[in-house]
Amino acid sequence: MRQEFNLIDEPWIPCVSLDGQVRELSLRDALRSAHEQRDIGGDSALATAALYRLLLAILHRVFGPPGYDAWHALWQARRLDATAIDRYLSQWRERFDLFHPERPFYQAGDPRVTPKSVVRLVLDAASGNNATLFDHHTESDGMALTPAASARALLVAQAFGLAGLSGLEQKFTDGPCARGIIFLVHGATLFETLLLNLIRYPDDRAMPITGGDRPAWEMDDPYDGNRQTPLGYLDYLTWQNRRVLLLPSTEGGRPVVREVTMAPGLRLAEGVLDAMKHYTVRDEKRGPQPLRFREGRALWRDSSVLFRLQASDQRPPWALDWVYDLSENGCVDPVVARRFLALGMANDQAKVEFFRTEQMPISLSYLTDERAIAHLDNALQMAEGVRNQLWGATHTMAVLAISPDADQDGAIGNGPDEARALVEHWPV
């Protein structure tokens with residue numbers, strides 16, 4: 001009997017309701033009840049980011065919006081148009097079946113590769129170069145994923161998959177979200193968050209449109225022609241970086257996924273900029289570089305850089321610029337404070353080091369008031385100064401704890417190296 005799990009009807013998207021309850025909703029229900037949900041509660045920062053990108057791709061296809069008036073009408077409705085959403089999802093219903101025999105959602109097989117444990121699909125499991133982060137399954141142990149968990153892992157693999165060896169002549173390449181932080185403007189409800197990040201579409205400034213832009217499920221073959229440049233923003237949001245094929249089986253009368261096949265998919269051309277990332281142009285040779293998470297450095301320490309919309313050497317997340325334009329055109333209240341939601345990971349080549357989610361409040365007045373930015377810069381420099389003084393004092397204490405007869409620079413033996421290790425061990 002053929003397995004079936006249609007993402008439009010089956011619960012699989014973790015949503016946090018306004019009263020704090022977490023439950024999985026279908027694609028249709030998550031969108032129709034977005035005004036009743038507080039947020040997406042993905043298994044990880046990567047899953048949350050990937051789910052937001054999927055939902056936004058659908059909303060862009062249904063609503064656009066082509067300009068401020070169209071966006072404002074959506075905002076004033078305070079809920080998404082269920083009829084328009086149902087009409088669109090019904091049109092592409094078969095393409096959202098996770099186990100469809102011909103066009104399974106976000107998947108494609110490759111006859112050159114053999115089935116492997118589904119652990120390879122889960123970035124936080126111990127597989128290949130990945131150390132154990134939160135999950136203790138290994139490839140030798142195996143793993144069984146529910147269809148809902150498989151769907152989320154599939155989205156993460158396509159968006160955040162890392163470059164590396166594939167066992168074929170072609171290597172795996174980075175997914176579009178693998179390097180850099182994904183930024184979203186966060187609202188009071190899921191509805192507000194989706195709308196605040198529903199930038200004007202189409203708009204060549206956010207992502208050049210090179211052809212008949214559409215999401216992957218609307219294409220007869222998303223991998224056709226081995227293209228490297230997205231057709232536009234919707235193609236990019238649903239970019240198929242991997243040829244993944246889930247291989248379901250039945251256990252206890254229910255479908256589970258224990259094995260997958262995985263091969264390289266589309267290779268993204270260099271120079272394609274993600275509208276959800278913040279880029280800094282430091283030199284012409286390297287080109288724009290996305291802001292990334294760094295171990296031991298909280299994101300607020302870069303806040304004065306993030307908030308500069310007009311800086312010539314910066315390209316901020318497009319939604320931030322869009323929300324400012326909305327406030328200038330009277331579509332949103334400029335006095336209401338918003339929040340930045342930052343999602344992503346740190347990695348060393350093909351090795352995942354950590355996932356991270358950060359939130360940071362932002363007042364729209366910072367986006368254009370250079371005096372406010374100057375004050376913020378000054379405050380950040382003072383904070384850095386305090387940090388340096390604290391670290392120096394702690395390092396001196398560590399040196400003297402190891403070698404009481406050392407001078408304050410730790411000139412005896414291996415004092416400095418040992419002292420640094422001790423300081424890093426202390427929760428200063």
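This is a short talk on the aromatic pairs, the cavities and one small sheet in a predicted model.

Let me start with the aromatic side chains. The structure holds eight aromatic pairs, and I will take two of them in turn. In the pair made by Trp 75 and Phe 191, the ring centres are 6.2 Å apart and the planes meet at 25 degrees, so this pair counts as stacked. Trp 75 belongs to helix 3, residues 68–77, while Phe 191 belongs to helix 6, residues 190–196, so the contact ties together parts that are 116 residues apart in sequence. Both partners are buried, Trp 75 with a relative accessible area of 11% and Phe 191 with one of 1%. There is also a charged neighbour here, since Arg 78 lies over the face of Trp 75, at 4.8 Å from the ring centre.

The other pair is Phe 105 with Tyr 106, whose ring centres are 4.5 Å apart and whose planes are at 15 degrees, so this pair is stacked as well. Phe 105 is buried, at a relative accessible area of 1%, and Tyr 106 is buried too, at 7%. These two residues, together with Phe 96 and Trp 217, form one aromatic cluster.

Tyr 106 brings me to the cavities, of which the structure holds six of 30 Å³ or more. The largest of them encloses about 100 Å³ of space, and of the 13 residues that line it, Arg 53, Tyr 106, Leu 155, Ala 159 and Leu 237 are the closest to its centre. Helix 2 (45–63), helix 5 (147–160) and helix 7 (233–237) are the elements that each give two or more residues to this lining, and the lining as a whole divides into ten nonpolar residues, two polar and one charged.

Which residues line the second largest cavity? Among them are Phe 105, Tyr 106 and Trp 217, which we met in the cluster, and also Arg 95, Arg 103 and Tyr 223. That cavity has a volume of about 80 Å³, and its lining divides into seven nonpolar, two polar and two charged residues. As for Tyr 223, the charged end of Arg 243 sits over its ring, 4.2 Å from the centre.

Finally, the sheet. Three strands form an open, antiparallel sheet in the order 9-8-10. Strand 9 (288–290) and strand 10 (314–315) stand at the edges with a single partner strand each, so one side of each has no neighbour in the sheet. Strand 8, residues 279–281, is joined to strand 10 by two bridges, and Thr 280 has Gln 314 as its bridge partner in strand 10.

How values were computed:
Residues numbered from 1 in each chain as written. Predicted model: local features only at pLDDT ≥ 70, side-chain atom pairs only at ≥ 80, totals over all residues. Heavy atoms only, no water. Phe/Tyr/Trp six-rings, centres within 6.5 Å; stacked < 30°, edge-to-face > 60°. Helix = DSSP H or I, 4+ residues; strand = E, 2+ residues; numbered from the N terminus. Buried < 20%, exposed > 50% of the residue type's maximum accessible area, 1.4 Å probe, protein only. Lys NZ or Arg CZ within 6 Å of the ring centre and 35° of its normal. Pairing = 2+ DSSP bridges. 1 Å grid on protein atoms, 1.4 Å probe; cavity = no way out; pocket = protein on both sides within 12 Å on 5 of 7 lines; lining within 4 Å. Points joined across faces, edges and corners; volume = space filled by probe spheres on them. Nonpolar A, V, L, I, M, F, W, Y, C, P; charged D, E, K, R; others polar.
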